[in-house]
Amino acid sequence: MTAQMNLRAWVDRAVDEISWWQRGFGEVPPHPDAVVTDADFAVAFGELLDRLRDTYPFHHPRYMGQLIKPPHPAAVAGYLAAMLLNPNNHALDGGPSTTALEREAVARLAAMLGMPDALGHLTTSGTIANLECLFVARETRPGAAIAHSAQAHYSHARNCHLLGVRSVPVPVDRVGRMDLEELEALLGREDIGTVVLTAGTTSLGAVDQIHEVLELRRRHGFRIHVDAACGGFFALIADDAPDGVASAPFQAIAECDSVVVDPHKHGLQPYGCGAVLFADRSVARFYRHDSPATYYTSAEPHLGEISLECSRSGAPAAALWLTLRLLPPTPDGLGRVLRAGRRAALRWSELLSESPVLSVYQRPELDIVAVVPNAPDMSTVDQRTMRMLHEGMRSAPERGAYLAALDVAAAELRARGHPVREDAPRARILRSVLLKPEHEHWIERCHGEIEELARRAAG
Ligand SMILES: *Cc1c(COP(=O)(O)O)cnc(C)c1O
């Protein structure tokens, strides 16, 4: 096995080289009022490290709860090196090098999503990136409503509320994708300026049929925004292969007006890294503003002139650039990382379909797997889910299972072939995300242990 890079050595090198460069401007002794001694630091830092242990093992394949994992060591080294300088990617005067790195990294994301000429930038999060797209949607189609699926991320309805735009939820089909007959009926009835499609819902990883909505757009003339915060990187394995995902919706992203992807989800990045892309570069006009104190070092547009955020760290750009330099967003680069998680999800789905105590809620479309504890009625499903969730997290560290819960309706369970008596309208089931390639080699073992939890929850 090839050894992973030695993070400690590279962090040392970053500290050495950056302080060497800084000393080149002449030695600056620290101001005595800001001096912290190593002795004082040791005490406070010890306390911090202690407190940081109160968390979940995001790094471990046993952790499958939320879309969280530690960043790749390359991203950590890149982030730390840039953070020592603390550039601000708002304007070129705040960070010329990291602005260039951001442009290059964003261009790679744009190429990955089939929008090589897109206008784009990084954001602090997917929520802010989506807000920018809905803002541009409102400016482009003033007065019209915005439609999104009922399973779209909650932030769309809230962002619309913030923007003073009416948002209309569209019901979903039997696998959690926007129901296109419902969409068509809505388009016939109301002035919908923009349809938000989700490429990978946060709860189930369901991918809306973007390619089919293109067809509807020809007839109705709306804009399409794709929220690929969660699923965007799956474009790298959208090849219809047995361990890939469906190609048609991902290929269709190239024809859409805007798209959001979160490198801090499947892109191996630390938090603080979303990205937004617009097919039509002229939307920059909606962002136009004056800032008397900045924008003086260049006549080129600054990233802050096409962004709703002002100060924004340049470190995420450095981290993303460095990561993509090593694991490029291609099928053979980062695609292999995604494929391992995808294989783990498919394998688990198979194991679940043979299990006497658990069932797979629906076939996973990406790497999110929802699991139903077998039980005769809704309230027992809910009770067993919660017992398993709590028991899994209370187990010894080397036996634990860290899962999350998903609230579903009886009709949704029945539509997927789970025969449960409706003694309660809703129940929680288990939801997991196989975000790490390491899951591939752990899933059989984790499955056995999760089955064991299910048996105890039923006993
Ligand atoms: C995570 C997510 C968001 C929100 O992104 P943040 O980076 O958490 O702000 C939006 N949409 C979808 C589909 C997501 O999965």
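In this predicted model, an N or O atom in the side chain of D262 lies 2.7 Å from an oxygen atom of the ligand. Of the area that the ligand exposes when taken alone, 370 Å², the protein buries 88%. Two further polar contacts involve G126 and D227. G126 contributes a polar backbone atom, placed 2.8 Å from a ligand oxygen. D227 uses its side chain instead: a polar atom there is 2.6 Å from a nitrogen atom of the ligand.

The shell around the ligand holds 13 residues. The closest are G126, T127, D227, D262 and K265. By class, the shell divides into eight polar, three charged and two nonpolar residues. Helix 5, which spans residues 126-140, supplies the largest share of this shell, with three residues.

S125 sits in the loop between strand 1 (119-123) and helix 5. S125 has a relative accessible area of 18%, under the 20% cut-off, and therefore counts as buried. A polar atom of the S125 side chain lies 3.2 Å from the backbone nitrogen of I128. Beyond four places in sequence, S125 touches D262, H264 and G274. D262 thus appears twice: in this list of S125 contacts, and in the polar contact with the ligand.

Two residues of the loop between helix 2 and helix 3 were also examined. One is R62; here helix 2 covers 38-52 and helix 3 covers 73-85. R62 is buried, because its relative accessible area is 2%, against a limit of 20%. A polar atom of the R62 side chain is 2.6 Å from the backbone oxygen of E398. With neighbours within four places left aside, the contacts of R62 include the run P397, E398, R399, G400, A401 and Y402. R62 is also in contact with W442, R445, C446 and E449.

The other residue, H72, is placed in the loop between helix 2 and helix 3 as well. H72 has 18% relative accessibility, so it too falls under the 20% limit and counts as buried. Its contacts, apart from neighbours within four places in sequence, are Q4, M5, L268 and L327. V165 is 93 residues away from H72 along the chain. In space, the C-alpha atoms of H72 and V165 are separated by 39 Å.

Aromatic side chains were considered next. A search of the whole structure finds seven aromatic pairs. One of them joins W21 and F25. Their ring centres are 4.9 Å apart, and the planes meet at 75°. This pair is edge-to-face because the angle is over 60 degrees. The two partners fall into separate accessibility classes. W21, at 48% relative accessibility, is partly exposed because this value lies between the 20% and 50% limits. F25 reaches 63%, over the 50% limit, and so is exposed.

Y56, F58, Y63 and Y402 form one aromatic cluster. Y402 of this cluster is also among the contacts of R62. The buried residue R62 therefore touches a member of the cluster through Y402.

Notes. Residues are numbered from 1 along each chain as its sequence is written. This is a predicted model: local features need pLDDT of at least 70, side-chain atom pairs count only at pLDDT 80 or more; totals for chains, interfaces and linings use all residues. Side-chain values use heavy atoms; hydrogens and water are left out. Rings of Phe, Tyr and Trp (its six-membered ring) pair if their centres lie within 6.5 Å; planes under 30 degrees apart count as stacked, over 60 as edge-to-face and the rest as tilted. Buried means under 20% relative accessible area, exposed over 50%, partly exposed in between (1.4 Å probe, protein chains only). A residue is near a molecule or strand if one of its heavy atoms lies within 4 Å of it. A polar contact is a pair of N or O atoms within 3.5 Å; within protein, one must be able to donate a hydrogen and the other to accept it, and residues adjacent in sequence count only if both atoms are side-chain atoms. Accessible areas come from the Shrake-Rupley method with a 1.4 Å probe; for residues, only the protein chains shown count as cover. Helices (H or I, at least four residues) and strands (E, at least two) are DSSP runs, numbered from the N terminus. Ala, Val, Leu, Ile, Met, Phe, Trp, Tyr, Cys and Pro count as nonpolar, Asp, Glu, Lys and Arg as charged, and the others, Gly among them, as polar. Contact means heavy atoms within 4.5 Å.
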